[in-house]
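Thank you all for making the time this morning. I would like to walk through one model with you, taking charged side chains to begin with, then a threonine, and then some strands and a helix.

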Amino acid sequence: MGKFITQNNMTKLGLEHLKSFATRGVIVDMVKVFQQANKFKGNSACKKPCLEKGTLITAADIQAGLKMYNVTLREGDIVIIHTGWGDLFEQFPAQNALYNSGEPGIGKDAATWLISQKVVAVGTDTWAVEVIPGENPKEAFIVHNMLLTDNGIHIIENVRTDLIAAEAAATKRATFFFNMTVPKGVGMTGNFVAIDGIQ
């Protein structure tokens with residue numbers, strides 16, 4: 001603090017140092033996983049099926065989603081997780097309060113496993129990627145710490161995962177070419193990005 005971070009920006013490690021991403025993307029449809037496991041709990045405010053806020057996604061859940069499409073992760077992949085929660089974001093502004101009140105997401109177990117798979121980024125249709133409320137009230141945004149700070153794995157929030165999940169369901173293929181450009185916001189830690197998913 002102070003040396004690398006000022007009141008206005010980061011003096012080191014800002015987004016201006018990030019290059020574009022071009023790698024394999026893998027969609028994991030958690031709605032289908034929870035439905036097939038008979039543990040789906042949705043929210044009636046969603047117009048399409050969505051996991052309820054506070055739903056914890058584990059490593060086993062992600063592995064079940066990969067098995068559904070006979071996919072294994074490879075080093076350098078970007079994992080995109082569909083929870084359906086983004087449906088509330090699409091209803092702007094009607095469901096803003098509900099959308100921001102919590103979210104389904106990954107916990108420490110899933111984060112640890114994804115780290116072991118050497119992925120470069122994890123994206124979801126939620127505003128924080130990780131489960132909110134969190135697993136431990138004394139650990140604020142612990143998955144952010146694990147992925148970003150400790151392992152340099154990027155987090156991509158508010159992704160239109162419904163489009164990717166629908167394409168995967170139609171083609172029976174969960175992998176695609178993932179291209180993402182990042183605006184060179186000097187000293188910024190986050191920004192809007194442009195994503196292309198090509199199957």
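Let me begin with Glu90, which is partly exposed, at a relative accessible area of 39%; please keep in mind throughout that what you see is a predicted model. The side chain of Glu90 meets that of Arg160 in a salt bridge, with 3.6 Å from N to O. This pair ties together distant parts of the chain, since Glu90 belongs to helix H3, residues 86-90, while Arg160 lies in the loop between strand E6 (154-156) and H7, 70 residues apart. Arg160, for its part, is also partly exposed, with a relative accessible area of 42%.

Which other side chain does Arg160 meet in a salt bridge? That partner is Asp162, and here the N to O distance is 2.9 Å. Asp162 in turn forms a salt bridge with Lys48, at 3.2 Å from N to O. The Asp162 and Lys48 pair again links distant parts of the chain, with Asp162 in helix H7 (residues 161-171) and Lys48 in the loop between helix H1 (30-36) and strand E2 (56-57), 114 residues apart.

Are these two partners buried or exposed, or something in between? Asp162 counts as buried because its relative accessible area, 16%, falls under the 20% cut-off, whereas Lys48, at 39%, is partly exposed because its value lies between 20% and 50%. Taken together, Lys48, Glu90, Arg160 and Asp162 are linked in a network of salt bridges, and the structure as a whole holds six such bridges. As a general reminder, side chains of opposite charge can pair when their charged atoms come close.

Let me turn now to the threonine I mentioned, Thr126, which you will find in the loop between strand E5 (121-124) and helix H6 (142-151). Its relative accessibility is 0%, so Thr126 counts as buried. Which side chains make polar contacts with the side chain of Thr126? One of them is the side chain of Glu103, at 3.2 Å, and another is the side chain of Thr124, at 2.6 Å. If we set aside residues up to four places away in sequence, Thr126 touches Thr83, Trp85, Tyr99, Glu103, Pro104, Glu157 and Asn158, so that Glu103 appears both as a polar partner and in this list of contacts.

Next, the strands, where I would start from E1, residues 21-29, which is mostly covered, with seven of its nine residues buried. How do the neighbouring strands run relative to E1, parallel or antiparallel? Strand E7, residues 175-181, is joined to E1 by six bridges and runs antiparallel to it, and within this pairing Phe21 stands opposite Met180. Strand E3, residues 78-82, is joined to E1 by five bridges and runs parallel, with Val28 opposite Ile81.

Finally, helix H5, residues 108-116, has Ala110, Ala111, Trp113, Leu114 and Ile115 buried. Against what do these buried residues pack? The elements they pack against are E2, helix H2 (59-68), E3, strand E4 (105-106), E5 and H6, and E3 is thus a neighbour of H5 as well as a partner of E1. Just after H5, Lys118 takes a positive phi of about 60°, and with that residue I will stop and take your questions.

Notes:
Residues are numbered from 1 along each chain as its sequence is written. This is a predicted model: local features need pLDDT of at least 70, side-chain atom pairs count only at pLDDT 80 or more; totals for chains, interfaces and linings use all residues. Side-chain values use heavy atoms; hydrogens and water are left out. A salt bridge is a side-chain nitrogen of Lys or Arg within 4 Å of a carboxyl oxygen of Asp or Glu. Helices (H or I, at least four residues) and strands (E, at least two) are DSSP runs, numbered from the N terminus. Buried means under 20% relative accessible area, exposed over 50%, partly exposed in between (1.4 Å probe, protein chains only). A polar contact is a pair of N or O atoms within 3.5 Å; within protein, one must be able to donate a hydrogen and the other to accept it, and residues adjacent in sequence count only if both atoms are side-chain atoms. Contact means heavy atoms within 4.5 Å. Two strands pair if DSSP finds at least two bridges between them.
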